[in-house]
Amino acid sequence: MSTTRQQQPGDLGPEPNGAGAAGPSGVPGGAVRSLALGSASGIVPLARDFTRQALYDWGWLPAATADRRAAAEDVLLVVSELVTNACLHAEGPEALRVGCDGKVLRLEVTDRGTGQPAPRTPHRAGRPGGHGMFIVQRLCMDWGVVRIPGAPGKTVWAELAAPA
């Protein structure tokens, strides 16, 4: 089941900079998978396949119900949008991290870009392009951007609720 997000980016979830009790990737006590993307070809399908395998390994797939299937499809769509945005607007993605603590799945895409992702305002549903961060905003419980001072690039993260 998808969630509708009403809050602004960064106002809910833990930041992976040590704030809060979260472990790696902001996922307390959970499993984390990482994939280097810097020199890969076919990056978006690679990221989706990597995430899909994690969902199988963590029991999200195969989905026994329509809600569980929708939750897994939401995760794969958000991965596609975050990686595509890094390709189009941020000099390409460096890495994908997927973490799950049983209640929350956290996606992180690290890139070399300096820009600040944000949903286009106003959102124009009938026009092609420009829907990536709007989709992320609508499907995720929370999302945000983390920058390390003095380091190039950023990490865009998004959190989705685990299926019930």
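Me: Which residues are linked with R106 in a network of salt bridges?
Reply: This is a predicted model. Side chains of opposite charge can pair when their charged atoms come close. Here the network includes R106 and E159, whose side chains meet at 2.7 Å, N to O. The residues linked with R106 are R97, E108 and E159.

Me: Which strands hold R106 and E159, and how many residues apart are they?
Reply: The salt bridge between R106 and E159 links distant parts of the chain. R106 sits in strand β3. E159 sits in strand β5, residues 154–161. The separation is 53 residues.

Me: Are R106 and E159 buried or exposed?
Reply: Buried means under 20% relative accessible area, and exposed means over 50%. R106 and E159 both fall in the first class. The answer is buried.

Me: How many salt bridges does the structure hold?
Reply: The pair R106 and E159 is one of them. R52 with D49 is another, and so is E94 with R112, because a salt bridge needs nitrogen and oxygen within 4 Å and the closest N and O atoms of this pair are 1.9 Å apart. The structure's count is seven.

Me: Where does the salt bridge partner of E94 lie?
Reply: E94 pairs with R112. E94 is in strand β2, residues 93–100, and R112 is 18 residues away. E94 is partly exposed at 30% relative accessible area, and R112 is partly exposed at 33%. R112 lies in the loop between β3 (104–111) and α3 (132–139).

Me: Which helix holds both R52 and D49?
Reply: The two side chains meet in a salt bridge at 2.9 Å, N to O. R52 and D49 are three residues apart, about one turn of the helix. R52 has a relative accessible area of 27%, D49 one of 46%, so each is partly exposed, between the 20% and 50% cut-offs. The helix is α1, residues 43–57.

Me: Which element gives the most to the lining of the largest pocket?
Reply: The largest pocket holds about 400 Å³ of space. Of its 22 lining residues, N85, H89, P117, A118 and M133 are the closest to the centre. α2 (66–89), β3, α3 and β5 each supply at least two lining residues. With seven residues, the top contributor is α2.

Me: How many residues of the lining of the largest pocket are charged?
Reply: The lining divides into three classes. Nonpolar residues number 10, and polar residues eight. The charged residues number four.

Technical notes
Residues numbered from 1 in each chain as written. Predicted model: local features only at pLDDT ≥ 70, side-chain atom pairs only at ≥ 80, totals over all residues. Heavy atoms only, no water. Helix = DSSP H or I, 4+ residues; strand = E, 2+ residues; numbered from the N terminus. Buried < 20%, exposed > 50% of the residue type's maximum accessible area, 1.4 Å probe, protein only. 1 Å grid on protein atoms, 1.4 Å probe; cavity = no way out; pocket = protein on both sides within 12 Å on 5 of 7 lines; lining within 4 Å. Points joined across faces, edges and corners; volume = space filled by probe spheres on them. Nonpolar A, V, L, I, M, F, W, Y, C, P; charged D, E, K, R; others polar.
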